[in-house]
2 protein chains.
Amino acid sequence: MNRFEPNLRLAGPTMLPPSVREAGGRQMSSHRGAEFTAMMDRVLARMRPFFGTTGDVAMISCSGTGGLEAAVANTVSPGEQVLCVSIGLFGDRFAEIASLYGANTARLSIEWGRAVDPDELRAHLQSHPGYRAVFLTHNETSTGVLDSIDVLAAVVREVQPEALIIVDGVSAVGSVPFKMDEWQIDLAVTASQKGWMAAPGLAMVAVSPRAWAEIERTTTPRFYFDLRRYHESQARGMAVWTPAIAVMYQLDAALDLMSAEGAEAIFARHEACAAATRAGLEALGFELFADSHHYSPTVTAVSLPDGLDWETLNRGLAAQGVIVAGGLGQLSGSIFRVGHLGSVTLGEILDTVGALEDLSIQLKRGVRAGVGVAAAQAAALESIGRHPLAQVCPSAGQRGGT
Amino acid sequence: MNRFEPNLRLAGPTMLPPSVREAGGRQMSSHRGAEFTAMMDRVLARMRPFFGTTGDVAMISCSGTGGLEAAVANTVSPGEQVLCVSIGLFGDRFAEIASLYGANTARLSIEWGRAVDPDELRAHLQSHPGYRAVFLTHNETSTGVLDSIDVLAAVVREVQPEALIIVDGVSAVGSVPFKMDEWQIDLAVTASQKGWMAAPGLAMVAVSPRAWAEIERTTTPRFYFDLRRYHESQARGMAVWTPAIAVMYQLDAALDLMSAEGAEAIFARHEACAAATRAGLEALGFELFADSHHYSPTVTAVSLPDGLDWETLNRGLAAQGVIVAGGLGQLSGSIFRVGHLGSVTLGEILDTVGALEDLSIQLKRGVRAGVGVAAAQAAALESIGRHPLAQVCPSAGQRGGT
C-alpha cells in the first residue's frame, strides 16, 4: 500500500503491482515482430496451467463481456437449445447474449446469493434433454458466490454427455483452482483485469479440442469474435488484429510474479484474504450476502445494514482511501462488495476492515475499536495454517523490496 | 528519438510520447467513479473536433477492426443492399464483414494503389439504385492512398441521398482534416493506436443523428458492439463494460498534447513528414506505390526494387533501429510501408531516410551519401513554408523539454 494511492477493493480492475505498472508504461513495439511472438507465446504458456489446459487460449482485445460473447457466438447457432444456469447478473448476461443470437434459451435461475444445487441441475437436465450447450458461472462477481464448477460439470457430462460446457471464469481463473481438461469443460473465459493483475483490455477464451469441432459447424455470423481466426493466427505466432499491446506487456510482467509465487500459494492467499474479509466484516456486525457454503475467494458481497446507505458507506470509505464496489442490478443499493483478487495482500484487507471499523465507530454502530481487524487477522492466520504454501504477503519482487 | 529504443515507423501502433507512456503506467482506478466520468468526458470533448462532429462518439474496447464490425453490425440487416467501395485490404475487410452479416454486398473494387474516381462512383450509384449504406475508406493503410472523402461523400449524398455513408477513418481521423457533420458522413471509425498516439485497445465510432434512427431498425444481432449501449451508458458518464482504462489514460494525456499543438499544426506536421518521406525515398531511387495525386499523409507505400527483398530490407533497417511495415495481402513481399502518423517528427523521418540511404549504399544501389536526407529536409521545409502554423518539431511539452 501507498498512502498516495487508494486501496482499490473492486472485483476488478485490481491494483497493479509496480512491475506491471512499469510494463504498462513501455514504448510501443511491432505486433508483427519476433519479440511480440515470443511474448505472446510466453504469456500463453504460463496462463494455460491456470486454466488447467494444454489446449488453445484465444487472446481477444475486449472486456470480459466480449469474451462471453465470443463463447456464445462460436458455439450456438440460431434455434438451437441451450441452458443458461444463472446465479446472478453475469449468468443473466450469458443468457441475454444467447437469446439475442437466436438460441432457444432455457434458463435455470437460482436465487441471487445462492449457488447451483447439483441435484437441481441434474433433475433439470434429465427432464430437458438435448441441450447443445450449458452455460455456467464459476464465480458470480455480482453476488460473491463460487459455484462448485467441477461438480456441476460432472453432472452435465453425466446426464447430457453431448452438451458443450461453457464457463464464465472471468473472476475465477487465475485466482482459484481451475482444471478445464480434467473437468471436461469446453470453453472458459477470463479477463486481464481480474486475477491477472493487469489493466482491462484483454479477454482470454480457452477452447477444448472437442469444442473446436462444434465451433466449425456453428452458423452464427461472427468476425472479430471468431475464435478460429485467433486459433489460426496465434498458431503462427501472430495476433489476428492489432492487439492491446500494453495490456499484453502487463500480463507478461504479471505472469512473472504469478510464476514466482506459484499457483498453490496464489490460491491460498486468495482464500486467506477472503477469510479475513469475511471475519472482519462479521465482527463489525455486517451480514454477508452469499450462502456461507459457497463464499467466493475473490469477492465478498455484504448486505447494507438498516440505516447505512450505499452513498454514505462509499463516501465514508473513500475519505479513508478505500474504494469498494456497489451492488449491481437488483442488488443496487442493498449490498456492497469487497474485491480481494489479483495482487491483494492481507495488509490491504486489514486496511479495508480498519476503515469500515472506523466508519462504524463514527456512525455509532456499537463497534469497539480493533475488533474487526483482530478478527480478520485471526481468520487469515487460521486460513494460512491450513495452507502451508501460502504467502499472504506478496513476494519480495512484487513489493519491490529486498 | 532515443538511441535506446527503435524508431517505430509502422502505420500504427505509433511511438508514444513520454507523457503518454507515463499515463499508461498509472495505477488502476474505478471505472464507476467520478474521476473516470470526468476523464471520459474530457477525452470525448477533445476528440469530437477531430471528427468534425458535435455528435456521439462511442468508445469501444477493441481494435480498429472491431470498430469496423460495429459500424457494419449496427447499420446493416441481413438481405439489405450495401456498396463497399474498396481501394485495398481494409476496404475489402469492410466488404467481408458486411457479407458475413448477410448483407447483399456489392463491391466497387479499385486497383490497389489508386483512389476512387468520383465519376466512377457516381456512375455506379446511378446504375445501382437503392443502397442502404455505402462503405468508404478515407485512408487505406495497406496502399498509402488517401481518398478524397469529402468529394466521394458528396457524390453519394447527391445520387442516393437516403444511403448511410460509413467511413473507415482508422488511420486518418486525428491526423488529417475530417469534417463529419459538414460532409454529412453518418459513421466514422478510428482507433487509439493511430493518430492518437496511444496504445491499441480502443476504437472510436462517431455516429450522426441520422444514423441513430437507422441503427434502431437494424435487425442484425449484436451485443458487445451494440452502439446503443455505448450511447446510453456514456450519456450517464459510464462505460458500458469495463473499459481499457489504461488506454483511456493514454488518450487523455495524448489529447493534452494534441490540444496544445492544435489541429492545423498537427495536420501540417503530417503533411510535412509525408512529403519528406516521399522525397527522401524517391531521391534514393525508390518508386512510390500509390497514385501521386492521392498520397496518404499518414503512411507511404514503397515498391521493393528488383534485387531487394522484404526480409533483407527489414533486417537491414532493424539493425539500424528503424522498424518499417511490410506489405499486406496481395502486396506482401512487393512493397514496404513507412508510417508517419501520430507523434511523428521530421527527425524521425530523417533518421528513417538516413537508414535507408545507408542500407542502399551498403547494397551498392548507386546512391550518394546525403542525397536522401537532403531531399527529405528540403521537401519538409517547402511543405512547412506552405503551412505557417506547422511545428515539425514536437511541442516542448511533448519532447519533455523546457
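Two strands are taken to pair if DSSP finds at least two bridges between them. The exercises below concern a predicted model, and each is followed by a worked solution.

**Exercise 1. Find the partners of strand β14 in chain B, name a bridged residue pair for each partner, and decide whether β14(B) is covered or not.**

Begin with β12 (residues 299-303) of chain B, which pairs with β14(B) in the antiparallel sense over five bridges. Within that pairing, B:V299 has B:G339 of β14(B) as its bridge partner. Turn next to β13 (residues 322-326) of chain B, which also runs antiparallel to β14(B) and is joined to it by two bridges. Here B:G326 is matched with B:F336 of β14(B). Finally, consider burial: five of the five residues of β14(B), which spans 335-339, are buried, and the strand is mostly covered. B:I335, B:R337 and B:G339 point one way from the strand, while B:F336 and B:V338 point the other way.

**Exercise 2. Work out the strand order of the seven-stranded open sheet in chain B, and say which strands form its edges.**

The order is β2-β10-β9-β8-β5-β3-β4, and the pairing is mixed. The edge strands are β2 (56-60) and β4 (104-109) of chain B, since each pairs on one side only. Between neighbouring strands of this sheet the average turn is 20 degrees, with direction ignored. To look at one of the pairings, take β3 (residues 81-86), which runs parallel to β4(B) and is joined to it by six bridges; in this pairing B:V82 has B:T105 of β4(B) as its bridge partner. As a last step, place helix α9 (residues 227-235) of chain B, which lies across β2 and β10 (203-207) and runs at about 105 degrees to β2(B).

**Exercise 3. Determine how many residues of helix α3 of chain B are buried, and what covers them.**

Helix α3(B) covers residues 64-73, and 10 of its 10 residues are buried, so the helix is largely enclosed by the rest of the structure. Among the buried residues are B:G67, B:A70 and B:A71. The cover includes β2, α4 (89-100), β8 (164-168), β9 (187-191), β10 and α9 of chain B. These three residues of α3(B) can then be followed into the contacts of B:V205, which touches B:G67, B:A70 and B:A71, and also B:V57, B:A58, B:I60, B:L187, B:V189 and B:L227, when neighbours within four places in sequence are left aside. B:V205 and A:V205 are the residues with the most contacts inside the largest nonpolar core, which has 294 residues.

**Exercise 4. Check whether the length of helix α11 of chain B agrees or disagrees with its residue count, and describe its surroundings.**

Helix α11(B) runs over residues 263-283, and its 21 residues should span 30 Å at 1.5 Å a residue. The end C-alpha atoms are 30 Å apart, which agrees with that expectation. Of the 21 residues, 17 are buried, so the helix is largely enclosed by the rest of the structure. After the helix comes B:G285, whose phi is positive, near 90 degrees.

**Exercise 5. Describe the side of chain A that touches chain B.**

The contact involves 42 residues of chain A and 42 residues of chain B. On chain A, α1 (18-24), α3 (64-73), α4 (89-100) and α9 (245-261) each supply at least two residues of this side. The most is given by α3(A), with four residues. By kind, the residues of this side of chain A divide into 22 nonpolar, 16 polar and four charged.

**Exercise 6. Locate the backbone exceptions in the two chains, given that most residues other than glycine have a negative phi and most peptide bonds are trans.**

Start with the peptide bonds: A:G12 and A:P13 are joined by a cis bond with omega of about 5 degrees, and A:P13 lies in the loop between β1 (7-9) and α1 of chain A. In chain B, the bond from B:G12 to B:P13 is cis, with omega near 0 degrees, and B:P13 lies in the loop between β1 (7-9) and α1 (18-24) of chain B.

Continue with phi: A:Q184, which is not a glycine, has a positive phi of about 55 degrees and sits in the loop between β8 (164-168) and β9 (187-191) of chain A. A:Q184 counts as partly exposed because it has 16 C-beta neighbours inside 10 Å. B:K364 has a positive phi near 55 degrees and lies in the loop between α13 (346-362) and α14 (371-386) of chain B. With 8 other C-beta atoms within 10 Å, B:K364 is exposed.

How values were computed. Residues are numbered from 1 along each chain as its sequence is written. Chains are lettered from A and ligands numbered from 1 in the order in which they are written. This is a predicted model: local features need pLDDT of at least 70, side-chain atom pairs count only at pLDDT 80 or more; totals for chains, interfaces and linings use all residues. Axes are lines fitted to C-alpha atoms, for helices over the stretch in contact, and angles run from 0 to 180 degrees between N-to-C directions. Two residues are in contact if their C-beta atoms, placed from the backbone, lie within 7 Å. Ala, Val, Leu, Ile, Met, Phe, Trp, Tyr, Cys and Pro count as nonpolar, Asp, Glu, Lys and Arg as charged, and the others, Gly among them, as polar. A nonpolar core is a set of buried Ala, Val, Leu, Ile, Met, Phe, Trp, Tyr and Cys residues joined through C-beta atoms within 7 Å. A residue is buried if 20 or more other C-beta atoms lie within 10 Å of its own, exposed if 12 or fewer, and partly exposed in between; C-beta atoms are placed from the backbone. The expected span of a helix is 1.5 Å times one less than its number of residues.
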